[in-house]
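Colleague: Before I plan anything at the bench, could you take me through how this chain is put together?

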Amino acid sequence: QVQLVESGGGLVQPGGSLRLSCAASGSMLSINDMGWYRQAPGKEQELVATITRGGTPDYADSVKGRFTISRDNLKKTVDLQMNSLKPEDTAVYYCNSMVQIDVGRYRQVWGQGTLVTVSS
């Protein structure tokens, strides 16, 4: 069974930085797209950033220029560097991956979430 484990959340002041990390483990053939989503209190989950297996990133407009997504295919990790954080970035951040578990079989896997709080 494939698992995603996130780390790196916490409390940071406005304007500060945090780096989230997510590591995949378990039986899999490969990992296609990886990404980060977030859900703020009382709001729907939203896409933050994704990155293809080849390393092409895509960002929500709200984080462009402030967040950077990266991945290491050998280590099966995806990171999210978050700079110039704002109070509105406060949310639970979830790692997501589309994993090939067998020939022709794919599964979307979610991490357990890590809380990011931006507050003075």
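Modeller: What follows is a short exchange on a predicted model, taking its aromatic pair, its core and one of its sheets in turn.

Colleague: Which class does the aromatic pair of Tyr 37 and Trp 110 fall into?

Modeller: The structure holds 1 aromatic pair. Its members come from distant parts of the chain, with Tyr 37 in strand β4 and Trp 110 in strand β10, 73 residues apart. The ring centres lie 5.0 Å apart and the planes stand at 65 degrees, and since planes over 60 degrees apart count as such, the pair of Tyr 37 and Trp 110 is edge-to-face.

Colleague: Which element gives the most residues to the largest nonpolar core?

Modeller: The largest nonpolar core has 32 residues, and those with the most contacts inside it are Trp 36, Leu 80, Met 82 and Tyr 93. Several strands give two or more residues to this core, among them β3, β4, β8 and β11. The element that gives the most, with 5 residues, is β9.

Colleague: Which strands stand at the edges of the open sheet that contains β3 and β8?

Modeller: This open sheet is formed by 4 antiparallel strands in the order β1-β3-β8-β7. Within the sheet, β3 and β8 are joined by 6 bridges, and Cys 22 has Val 78 in β8 as its bridge partner. Two strands each have a single partner, so one side of each is left without a neighbour in the sheet, and these edge strands are β1 and β7.

Notes: Residues numbered from 1 in each chain as written. Predicted model: local features only at pLDDT ≥ 70, side-chain atom pairs only at ≥ 80, totals over all residues. Heavy atoms only, no water. Phe/Tyr/Trp six-rings, centres within 6.5 Å; stacked < 30°, edge-to-face > 60°. Core = buried A, V, L, I, M, F, W, Y, C linked by side-chain atoms within 4.5 Å. Buried < 20%, exposed > 50% of the residue type's maximum accessible area, 1.4 Å probe, protein only. Pairing = 2+ DSSP bridges.
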